[in-house]
Amino acid sequence: MSIMTELANRDRVFNFLTPTDSPVDVRHGPILYLEDVTVSFDGFRAINDLNLTIDDGELRCIIGPNGAGKTTMMDIITGKTAPDTGSVWFGSRHNLLTMSEPEIASLGIGRKFQKPSVFEALTVFENLELAMATDKRVFPTLTATMKPEYRDRIGEVLETIGLKDLMHRPAGILSHGQKQWLEIGMLLMQRPRLLLVDEPVAGMTEQEMERTAELLTSLAGKQSVVVVEHDMGFVRSIARKVTVLHQGSVLAEGTMDQVSNDPEVIKVYLGEEA
Ligand SMILES: Nc1ncnc2c1ncn2[C@@H]1O[C@H](COP(=O)(O)OP(=O)(O)OP(=O)(O)O)[C@@H](O)[C@H]1O
């Protein structure tokens, strides 16, 4: 497939891949703050008085049964869905409800969707290069002479995602797991402050899951990471703090042991491993 065709086929665009230095202010509080957020679709409350606080550098796992509102919550944070009521703040300075999707992305909020979406015909290196577009034009970055600091940044990210040995191979030959890591790497090129990751281990082998656990754990601290995941084994392996969503609200929050022993959580997950 030609690069042009791939670009045309992408379900995400790159026009928001611009941030380098996020102006987010976390000196006096959390990096992400949702208060009393409610969203209804045709009268049905998908998010119902939701309160959520994510600290700077935290790795948080969000779990919850199907339809609990996890995707809708991500959509609200990234500006895709506007809530009916409530407030959503990024640091103490940015009211996300007054901002568009590209503006929110440019503040340093990166979102990884479940399906990997890399440019198969480009090499691993070129995919990262492309993701680093310092302006809103994509093609000039493919031909422009690369500044040394960009090359260094790509090197760092290749190291982080463990794909250094494959940097000159086309992304199309990567395994499913490797494509997921590459896409996380593409988000990292923008030095995000907050990464939202949707079901990262769906379809992965055990080994890939272990590697993904290491990767996400290594990212925490440098940036805040929010992971929505159904695989409880995986959540247990990475989570310090878990939030259980149910019917659009927080049902329980705490360590994996605390939430999995919570009678309310057990009731909701009846029949599923919790
Ligand atoms: N655009 C929409 N229009 C109508 N209903 C919607 C819309 N988006 C979500 N919903 C409903 O809101 C509820 C929450 O959906 P959401 O996708 O956020 O849940 P989820 O926790 O991500 O579920 P899953 O684990 O299955 O992905 C569901 O009942 C869903 O059908």
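The following exchange examines a predicted model, with attention to its nonpolar core, its ligand shell and two of its helices.

Trainee: Which helix gives the most residues to the largest nonpolar core?

Mentor: The largest nonpolar core holds 70 residues, and Cys61, Ile77, Ile109, Leu128, Leu182, Val225 and Val244 touch the most other members. The helix that gives the most to this core spans residues 176–188 and supplies 6 residues. That helix is α7.

Trainee: Is α7 largely enclosed by the rest of the structure or largely open?

Mentor: In α7, the buried residues are Gln178, Lys179, Gln180, Trp181, Leu182, Glu183, Ile184, Gly185, Met186, Leu187 and Leu188. They pack against β6 (109–112), α4 (124–131), α6 (148–161), β7 (194–198) and α8 (206–219). Because 11 of its 13 residues are buried, α7 is largely enclosed.

Trainee: How far apart are the end C-alpha atoms of α7, and what span should its residues give?

Mentor: At 1.5 Å a residue, the 13 residues of α7 should span 18 Å. The computed separation of the end C-alpha atoms agrees with this expectation, being 19 Å.

Trainee: Within what arc do the buried residues of α8 fall?

Mentor: The buried residues of α8 are Thr212, Leu215, Leu216 and Leu219. Seen down the helix axis, they line one face of α8, because they fall within an arc of 90°. An α-helix has 3.6 residues a turn, so residues three or four places apart point the same way. The arc asked for is therefore 90°.

Trainee: Which exposed residues does α8 carry on the face turned away from its buried side?

Mentor: The buried residues of α8 pack against β3 (59–63), α6, α7, β7, β8 (224–228) and α9 (232–238). The face turned away from that buried side carries the exposed residues Glu206 and Gln207.

Trainee: Which residues does Thr217 contact, leaving aside its neighbours within four places in sequence?

Mentor: Thr217 lies in helix α8 and counts as partly exposed, because it has 15 C-beta neighbours inside 10 Å. Its C-alpha atom is separated by 7.3 Å from that of Leu59, although the two residues are 158 residues apart along the chain. With sequence neighbours left aside, the contacts of Thr217 are Leu59 and Ile238.

Trainee: Does Glu199 count as buried or exposed?

Mentor: Glu199 is found in the loop between β7 and α8, and its phi is positive, about 40°, although it is not a glycine. Most residues other than glycine have a negative phi. The cut-off for burial is 20 or more C-beta neighbours within 10 Å. Because Glu199 has 20 such neighbours, it counts as buried.

Trainee: What is the phi of Arg191?

Mentor: Arg191 is found in the loop between α7 and β7. With 17 C-beta neighbours inside 10 Å, Arg191 counts as partly exposed. Its phi is a positive value in a residue other than glycine, near 50°.

Trainee: Which helix provides the largest share of the shell around the ligand?

Mentor: The residues around the ligand are Phe41, Ala46, Gly64, Asn66, Gly67, Ala68, Gly69, Lys70, Thr71 and Thr72. By class, this shell has 3 nonpolar, 6 polar and 1 charged residues. The largest share, 3 residues, comes from the helix at residues 70–77, which is α2.

Trainee: Which residues does Val244 contact, apart from its neighbours within four places in sequence?

Mentor: Val244 is among the core residues that touch the most other members. Gly64 is one of the residues around the ligand, and Gly64 is also one of the contacts of Val244. The full set is Ile63, Gly64, Leu251, Ala252, Val259 and Val265.

Methods:
Residues are numbered from 1 along each chain as its sequence is written. This is a predicted model: local features need pLDDT of at least 70, side-chain atom pairs count only at pLDDT 80 or more; totals for chains, interfaces and linings use all residues. A nonpolar core is a set of buried Ala, Val, Leu, Ile, Met, Phe, Trp, Tyr and Cys residues joined through C-beta atoms within 7 Å. A residue is buried if 20 or more other C-beta atoms lie within 10 Å of its own, exposed if 12 or fewer, and partly exposed in between; C-beta atoms are placed from the backbone. Helices (H or I, at least four residues) and strands (E, at least two) are DSSP runs, numbered from the N terminus. Two residues are in contact if their C-beta atoms, placed from the backbone, lie within 7 Å. A residue is near a molecule or strand if its C-beta atom, placed from the backbone, lies within 6 Å of it. Ala, Val, Leu, Ile, Met, Phe, Trp, Tyr, Cys and Pro count as nonpolar, Asp, Glu, Lys and Arg as charged, and the others, Gly among them, as polar. The expected span of a helix is 1.5 Å times one less than its number of residues. The arc is that of the directions from the helix axis to the C-beta atoms.
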